[in-house]
Amino acid sequence: MSQASLLHQLNFLAAQSIYANKVYTPLQAPFSLDNVMGTSMEMAMENCQRLFKWERWNCPTSDFLLRRSSPSAELDREGAFVEAIATAALIYTTTKNCSSGITAGCGSCSDNPYTTICSDNPKEAEELLRKHSDINFAKDFKGKIESHNYKVITNLLEKSLTNQCVCAIMGPGGNCAKEICRLVLKPFEEIANDIRQMYDEGILLENTIINSRVLWNNIPLDALVFMKDSPNYCELDAVPHWNGMVGRQCASGASEEDLSDEDRERCGYLCRECGYTVEEKTALTETRCNCKLTWDFQLQCDSCIIAEKHHYCY
């Protein structure tokens, strides 16, 4: 076979690649768990740290990753939150990849990735994930906890769909003659906020009601459950590699006498209630200032040093 013929055949085979018994275009790719895992975990961790920035447990990167890779034998409140937001991010990312047509073989855009009117379908995305990952729960007490929380998140995503309509054809007088509507998920930040609310209202279940079907059937699908309450995060090594509140920032941007009531309350909660004092430090940052546009349309700026006050627990 000539080189030209071989190249032609390879191109033909690439164009006719089959995924889940469907032909996909050069704009699409087969589903890859590794690809969505990286993107979704980054999104989950960013939102976790946003939501807990000023809490004693502030979702540090090392603890988040440890809870994902080596879950403890007993799921505490923070562990339940990490599992919940990671699950939500994974299904959310997969859903968006399917509805945008990026992933072949799923979503209403799979056959035509050039359209922009495809609906989000988290249920289909969750089914796709089940085919490519080991989402099975043990029969023990912890397995029942994890299974319930998984259902909570899938239920939340289903409830997070909203109807979004755009005008396809304009009629006389500027009125819309024909609308095209699709179901879309709320922004992930809003879904993460909902999970944080579930964290605050979480239910502690002790391992004494393993066989109580009545209990499990009556736990609502908008409540996260966990096996033990949070440790004392004031203390060193409350969780592995935890430094307590030593060095934690509690406020910034003003001298101590000018702190707002909210900042003072936060510093009291993070520092003083944990047995530490609040120390003020000055941080110098260099920034552009006094910028002006020159005659040749170039932006010319001075370099200014700004002193900012930060407050830490020591």
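User: Let's start with a disulfide: how far apart are the sulfur atoms of Cys98 and Cys106?

Analyst: Happy to help, and please keep in mind that this is a predicted model. A disulfide is a covalent bond between the sulfur atoms of two cysteines. In the disulfide formed by Cys98 and Cys106, the distance between the sulfur atoms is 1.9 Å.

User: Is the link of Cys98 and Cys106 right-handed or left-handed?

Analyst: The angle to look at is the one about the S-S bond, which is -100° for Cys98 and Cys106. With that angle, their link is left-handed.

User: Is Cys106 buried or exposed?

Analyst: Buried means under 20% relative accessible area. Its partner Cys98 has 3% and is therefore buried. Cys106 also has a relative accessible area of 3%, so Cys106 is buried.

User: How many disulfides does a search of the whole structure find?

Analyst: The pair Cys98 and Cys106 is one disulfide, and Cys48 with Cys59 is another, with 2.0 Å from S to S. Searching the whole structure gives a total of nine.

User: How many residues apart are Cys48 and Cys59?

Analyst: Cys48 sits in helix H2, while Cys59 is in the loop between H2 and helix H3 (61-69). This pair links distant parts of the chain. Along the sequence, the number of residues separating Cys48 and Cys59 is eleven.

User: Which residue has a positive phi of about 55° although it is not a glycine?

Analyst: Most residues other than glycine have a negative phi, and that is why a positive value is worth a look. The residue in question lies in the loop between H2 and H3, and is buried because its relative accessible area is 0%. The residue with a phi of about 55° is Cys59.

User: What is the phi of His241, a residue other than glycine?

Analyst: His241 belongs to the loop between E6 and E7. At 67% relative accessibility, His241 is exposed. The phi of His241 is positive, with a value near 65°.

User: In which helix does Cys267 lie, and in which strand is Cys250?

Analyst: Cys250 and Cys267 are joined by a disulfide, S to S 2.0 Å. Because they are in two elements, the pair ties together parts that are 17 residues apart in sequence. Cys250 is in strand E7 (residues 249-252), and Cys267 is in helix H9.

User: How many salt bridges does the structure hold?

Analyst: Side chains of opposite charge can pair when their charged atoms come close. One such pair is Glu273 and Arg56, which meet at 3.0 Å, N to O. In total, the number of salt bridges in the structure is 13.

User: How far apart in sequence are the parts that Glu273 and Arg56 tie together?

Analyst: Glu273 is in the loop between H9 and strand E8 (278-293), whereas Arg56 is in the loop between H2 and H3. Their salt bridge therefore ties together parts whose separation in sequence is 217 residues.

User: Which helix holds both Arg130 and Glu126?

Analyst: Arg130 and Glu126 form a salt bridge with their closest N and O atoms 2.6 Å apart. The two are four residues apart, so about one helical turn separates them. The helix they share is H5 (residues 122-132).

User: Are Arg266 and Asp263 buried or exposed?

Analyst: These two side chains meet in a salt bridge at 2.8 Å, N to O. Both belong to helix H9, three residues apart, which is about one turn of the helix. Arg266 and Asp263 are both buried.

User: Which residues form a negative surface patch, and which elements give two or more residues to the patch?

Analyst: The residues of the negative surface patch are Glu42, Glu46, Glu189 and Glu190. The elements giving two or more residues to this patch are helix H2 (33-51) and helix H7 (188-200).

User: What accessible area do Leu236, Val246 and Tyr314 have together?

Analyst: Leu236 lies in the loop between strand E6 (225-226) and E7, and is exposed because its relative accessible area is 52%. With Val246 and Tyr314, Leu236 forms a nonpolar patch on the surface. Together their accessible area is about 270 Å².

Methods: Residues numbered from 1 in each chain as written. Predicted model: local features only at pLDDT ≥ 70, side-chain atom pairs only at ≥ 80, totals over all residues. Heavy atoms only, no water. Patch = residues over 30% accessible without salt bridge, like charges linked within 9 Å, V, L, I, M, F, W, Y side chains within 5 Å. Areas by Shrake-Rupley, 256 points an atom, 1.4 Å probe, with all protein chains shown as cover. Salt bridge = Lys/Arg side-chain N within 4 Å of Asp/Glu carboxyl O. Lys, Arg positive; Asp, Glu negative; His and termini not counted. Charge placed at Lys NZ, Arg CZ, Asp CG, Glu CD. Disulfide = S-S within 2.5 Å. Buried < 20%, exposed > 50% of the residue type's maximum accessible area, 1.4 Å probe, protein only.
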